[in-house]
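Work through the following exercises with the model open beside you. Each begins with a task sentence, and the solution then proceeds step by step.

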Amino acid sequence: MADGNLAAGRKVAAVIASVPLALWIGYFGLVAALSILQQLLAGFVDLSQASWTSFLNPAVIVGLQSPGGTGGPLDAIFGGPGAPGGTVSRYFVFMGAAMLAALGYAGWKFVWEWARPGSG
């Protein structure tokens, strides 16, 4: 009967630990998703200096440049500091937040493996 109480106690502890871990995973997962989305969409819609003739520019048509004359989607995705529409800092935010979300998931998985009956 002691094993049954121990397993029940472990499950209660796992449920209690899951609340902050779920908030951790949700927050850092959202930060990661929004930062990479912001990076990817940063240079797509720049119409600041656009004229109707800029839409006929071959560089705009193939996506190398935005209609506003700044860098295009490829600059926003792969550009470094100073690239139009993108910065490397967003990649660092994405990587850091994704790693923290993965760490939270690893903790959540560990807690539930520990709470499973028959675990040491």
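**Exercise 1. Is Y27 buried or exposed, and which ring pairs with F28?**

Step 1. Y27 has a relative accessible area of 52%, and it therefore counts as exposed (buried is under 20%, exposed is over 50%, and partly exposed lies in between; 1.4 Å probe, protein chains only). This is a predicted model, in which local features need pLDDT of at least 70 and side-chain atom pairs pLDDT 80 or more, while totals for chains, interfaces and linings use all residues. Residues are numbered from 1 along each chain as its sequence is written, and side-chain values use heavy atoms, without hydrogens or water.

Step 2. F28, the next residue to consider, has a relative accessible area of 17% and is therefore buried.

Step 3. The structure holds three aromatic pairs (Phe, Tyr or six-membered Trp rings with centres within 6.5 Å; planes under 30 degrees apart are stacked, over 60 edge-to-face, the rest tilted). One of them joins Y27 and F28, whose ring centres are 5.0 Å apart and whose planes meet at 75°, which makes the pair edge-to-face.

Step 4. Looking beyond this pair, ring pairs link W24, Y27 and F28 into a cluster.

**Exercise 2. Determine where S35 lies and which residues it touches away from its sequence neighbours.**

Step 1. S35 belongs to helix α1 (helices are DSSP runs of H or I with at least four residues, strands are runs of E with at least two, numbered from the N terminus). With a relative accessible area of 6%, S35 is therefore classed as buried.

Step 2. Once residues up to four places away in sequence are set aside, S35 touches R90, V93 and F94 (contact means heavy atoms within 4.5 Å).

Step 3. The C-alpha atoms of S35 and F94 lie 5.7 Å apart in space, although 59 residues separate these two positions in sequence.

**Exercise 3. Describe S18 and Y105, giving for each the helix in which it lies and its accessibility.**

Step 1. S18 lies in helix α1, which covers residues 2-41, and because its relative accessibility is 13%, it counts as buried.

Step 2. Apart from its neighbours within four places in sequence, S18 is in contact with the side of the protein that holds W108 and W112, these two tryptophans being its partners.

Step 3. Y105 lies in helix α4, and its relative accessible area of 44% makes it partly exposed.

**Exercise 4. What is the accessibility of L56, and how far is its C-alpha atom from that of P67?**

Step 1. L56 reaches 59% relative accessibility and therefore counts as exposed.

Step 2. L56 and P67 are eleven residues apart along the chain, and the distance between their C-alpha atoms is 9.1 Å.

**Exercise 5. Summarise the protein as a whole: how many helices and strands does it contain, and how many of its residues are buried, as a percentage?**

Step 1. The protein contains four helices and zero strands, so that, by the DSSP runs, reading along the sequence gives the pattern α-α-α-α.

Step 2. Of the 120 residues in the protein, 24% are buried.

Step 3. Among the contacts that join residues at least 6 apart in sequence, 57% link residues at least 24 apart.

Step 4. The protein exposes about 7700 Å² (Shrake-Rupley method, 1.4 Å probe), and carbon and sulfur atoms supply 75% of that area.
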